[in-house]
Amino acid sequence: MGEIVNLNRARKTRAKAENKAQAAANRVVHGRTKADKALTALERHRADKLLDGQKRDPKSDN
């Protein structure tokens, strides 16, 4: 005779494994360190500052 399997426990174990796999995939896609986020923000700020410095003053066009 085979081993007795609790189907509820097997279903929950399978669901937990699927959730862990999904979480691992999400960490790869969305996981960035605080330093990476800060560097991106700094680069965006520098680009905005450079762009704002290139704007023309509408008062001096005349």
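Hi everyone, this is a short walk through the fold, the surface and a few residues of one protein chain.

Before anything else, please keep in mind that we are looking at a predicted model.

Let's start with the overall layout. The chain contains two helices and zero strands. How does its radius of gyration sit against a compact globule of 62 residues? Such a globule would come out near 11 Å, but this protein chain has 27 Å. The C-alpha trace tells us about the extents too: along the principal axes it spans about 95 × 25 × 10 Å.

Now, what share of the 62 residues is buried? The answer is 0%. For those of you who think in surface areas, the accessible surface of the chain is about 6500 Å², and carbon and sulfur atoms account for 55% of that.

A word on charge, since somebody always asks. The chain carries 16 positive and 8 negative charges, and the mean positions of these two sets lie 11 Å apart.

On to the helices, beginning with α1. This one runs over residues 7-30, which makes 24 residues. From first C-alpha to last, α1 reaches 34 Å, close to the 34 Å expected at 1.5 Å a residue. What caps its N-terminal end? That is Asn6, with a side-chain oxygen placed 3.1 Å from the backbone nitrogen of Asn8.

Helix α2 covers residues 34-53, and Lys37 has its place there. Is Lys37 buried or partly exposed? Its relative accessibility is 48%, so Lys37 counts as partly exposed. We can also relate Lys37 back to the capping residue we just met: Lys37 and Asn6 are 31 residues apart in sequence, and their C-alpha atoms are 45 Å apart in space.

Ala35 lies in helix α2 as well. Why does Ala35 count as exposed? Because its relative accessibility is 54%, and the cut-off for exposed is over 50%. Ala35 can be paired with Ala24: the two are 11 residues apart in sequence and 21 Å apart in space, C-alpha to C-alpha.

To wrap up, the picture to take away is a predicted chain with two helices and zero strands, in which buried residues make up 0%. Thanks for listening, everyone!

Notes
Residues numbered from 1 in each chain as written. Predicted model: local features only at pLDDT ≥ 70, side-chain atom pairs only at ≥ 80, totals over all residues. Heavy atoms only, no water. Helix = DSSP H or I, 4+ residues; strand = E, 2+ residues; numbered from the N terminus. Rg over C-alpha atoms; globule rule 2.2 N^0.38 Å. Buried < 20%, exposed > 50% of the residue type's maximum accessible area, 1.4 Å probe, protein only. Areas by Shrake-Rupley, 256 points an atom, 1.4 Å probe, with all protein chains shown as cover. Lys, Arg positive; Asp, Glu negative; His and termini not counted. Charge placed at Lys NZ, Arg CZ, Asp CG, Glu CD. Expected span 1.5 Å × (residues − 1). Polar contact = N/O pair within 3.5 Å; in protein donor to acceptor, adjacent residues only side chain to side chain.
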